[in-house]
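Biologist: Could you walk me through this model, one piece at a time? I am new to reading structures.

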Amino acid sequence: MQIADHLTQLNALSPLDGRYASRCDALRGLLSEAGFMAHRVEVEVAWLVALSDAGLPELAPFSAGARARLTQLVQHFSEADAERIKEIERVTNHDVKAVEYWLKERVADDAELARAAEFIHFACTSEDINNTSHALMLTRSRDHVVLPRLREVLAKLTALAEQTAEQPMLSRTHGQPASPTTLGKEFANVAARLARAIAAIEAVEPLAKLNGATGNYNAHLSAYPEIDWPEFSRQVLAGLGLTQNRHTIQIEPHDWMAALFDAIGRANTIVLDLDRDIWGYIALGYFKQRLKEGEVGSSTMPHKVNPIDFENSEGNLGLANAVLRHLSEKLPVSRWQRDLTDSTVLRNLGVGLGYCLVAWDACLRGLNKLEVNTAAIDADIDACWEVLAEPVQTVMRRFGLPQPYEQLKALTRGKGITESALREFIAGLELPADAKARLLAMTPRSYVGLAVSLARAV
């Protein structure tokens, strides 16, 4: 077999760049190699402009024209620019140095900026640029891609909770019939969990550092001992929307990244739990799935409509969390003042979040196909009068009747019970008339507690 020598969706090793490429497009400008380079350029320029404003005798404040030129390098960074940086890197064998040389190359024809060329990357270690870039990349990915997609899933769950708030449904604990609920209440349960998970993702504070080779501003002070470098660095980072981590080794310790990945992983676990439950309810016939013209459910069984969206979501959530967990466990660990094991791992940010996007998209697609099979749900709960053993024995307890739990256990456990048999049992109880009437009026469908209001409260 002959394979093209250029990357296509058909020869990509990762399905994120192949089969699922379109679902990950929102992350490419942020977490790809070119996106990483663009963010490095942004950080280098922010540092350079701040130095020009610091009142250094050797570096006058830039003119409006010079600032505009630097801003354009950031705002109009292109794939061609990334290709040129890669060309330089093939010589330097150092990716951050290649960015520095590219910047110097791009300002060489501007006399004002050319004079300031040696202040590009001034006193910085590569990790100053990289950790700040990663913080920007992840923060923007979270705010503009991750959170909006998760909120789409949440909005759909909330809508389903409202739409099905009054649909009674038989609960199952340990797989066995249990106190009834409503379909909407079960959607509301997931929505409430996911809302808390989203809030936790949103609350993670991105940290960064611009403090030199081992976090002590050694080089900075050797050149300009009179400058308050921690405050200077804090202001540069604040200008980028980041919080300074004042105490670091050569790398920012990545604890905040671990917190972010763990928070996203928790949201994924909630969605995975939903996927499995919906899969089960489809198997029970509680849901039908809207058909799409031309789709095939099985290569040999024409009748099948498989819950493939929820299966796809579950599988990709597993991959996402495997990557995210490795990131959260590995990144905060670095030998002594720095080793390089984090560098190659950090190149997989797009992999972890890419699998998240694929999974969330599949779940949402599945939710949008669901149709409630009211007849199946009602038939299931209508055939399960034994669930009313709970309220009967509870009312018996209130009024002091002997061995209420044991009586209902003997009546119902493991053998079910008919409506008439239960009503006959209730009728023979020595209960106040109003309490007895309330129990006799009760049905499995009506025994849902506050499920309706809880569904709508989400």
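**A walk through the loops and helices**

Modeller: Gladly! Y217 is found in the loop between β3 (207–208) and α9 (218–223). Please keep in mind that this is a predicted model.

Biologist: Thanks! Is Y217 buried or exposed?

Modeller: A residue counts as buried when its relative accessible area is under 20%. Y217 has a relative accessible area of 9%. Because of that value, Y217 is buried.

Biologist: What is the phi of Y217 near?

Modeller: Y217 is a residue other than glycine, and its phi is positive. The value for Y217 is near 60°.

Biologist: Which residue in the loop between α16 and α17 has a positive phi although it is not a glycine?

Modeller: The loop between α16 and α17 holds a residue at 56% relative accessibility, which therefore counts as exposed. Its phi is about 40°. That residue is Q403.

Biologist: How are the two helices beside that loop, α16 and α17, oriented to each other?

Modeller: A helpful idea first: two packed helices are described by the angle between their axes and the distance between the axes. For α16 (residues 389–398) and α17 (residues 404–412), the axes come within 8 Å and cross at roughly 155°. Angles over 145 degrees count as roughly antiparallel. Therefore α16 and α17 are roughly antiparallel.

Biologist: How do the residues of the contact of α16 with α17 divide?

Modeller: On α16, the contact is made by A389, V392, Q393, M396 and R397. From α17 come P404, Y405, Q407, L408 and T412. These residues of the contact divide into six nonpolar, three polar and one charged.

Biologist: Now for α11 and α14: what is their orientation?

Modeller: The axes of α11 (residues 255–284) and α14 (residues 349–369) come within 11 Å and cross at roughly 30°. Angles under 35 degrees count as roughly parallel. So α11 is, relative to α14, roughly parallel.

Biologist: And how do the residues of the contact of α11 with α14 divide?

Modeller: α11 contributes F261, I264, N268, V271, L274 and D275 to the contact. α14 brings L349, L353, C356, W360, C363 and L367. The residues of this contact divide into 10 nonpolar, one polar and one charged.

Biologist: Which backbone nitrogen does the side chain of D81 reach?

Modeller: Let us place D81 first: it is found in helix α4 (residues 79–92). D81 counts as buried because its relative accessibility is 13%. Not counting residues up to four places away in sequence, D81 touches H76, W102 and R106. The backbone nitrogen that its side chain reaches, at 2.9 Å, is that of S78.

Biologist: Which residues is N130 in contact with, leaving aside its neighbours within four places in sequence?

Modeller: N130 has its place in helix α7. With a relative accessible area of 9%, N130 is buried. Leaving aside neighbours within four places in sequence, its contacts are F36, R40 and V96.

Biologist: With which side chain does the side chain of E118 make a polar contact?

Modeller: E118 lies in the loop between α6 (111–115) and α7 (126–163). At 57% relative accessibility, E118 counts as exposed. Its side chain makes a polar contact at 3.2 Å, and the partner is the side chain of K104.

Biologist: One last thing: what separates the C-alpha atoms of E118 and L357?

Modeller: Along the chain, E118 and L357 are 239 residues apart. In space, their C-alpha atoms are separated by 42 Å.

Terms used
Residues are numbered from 1 along each chain as its sequence is written. This is a predicted model: local features need pLDDT of at least 70, side-chain atom pairs count only at pLDDT 80 or more; totals for chains, interfaces and linings use all residues. Side-chain values use heavy atoms; hydrogens and water are left out. Axes are lines fitted to C-alpha atoms, for helices over the stretch in contact, and angles run from 0 to 180 degrees between N-to-C directions. Helices (H or I, at least four residues) and strands (E, at least two) are DSSP runs, numbered from the N terminus. Angles under 35 degrees count as roughly parallel, over 145 as roughly antiparallel, 65 to 115 as roughly perpendicular and the rest as oblique. Contact means heavy atoms within 4.5 Å. Ala, Val, Leu, Ile, Met, Phe, Trp, Tyr, Cys and Pro count as nonpolar, Asp, Glu, Lys and Arg as charged, and the others, Gly among them, as polar. Buried means under 20% relative accessible area, exposed over 50%, partly exposed in between (1.4 Å probe, protein chains only). A polar contact is a pair of N or O atoms within 3.5 Å; within protein, one must be able to donate a hydrogen and the other to accept it, and residues adjacent in sequence count only if both atoms are side-chain atoms.
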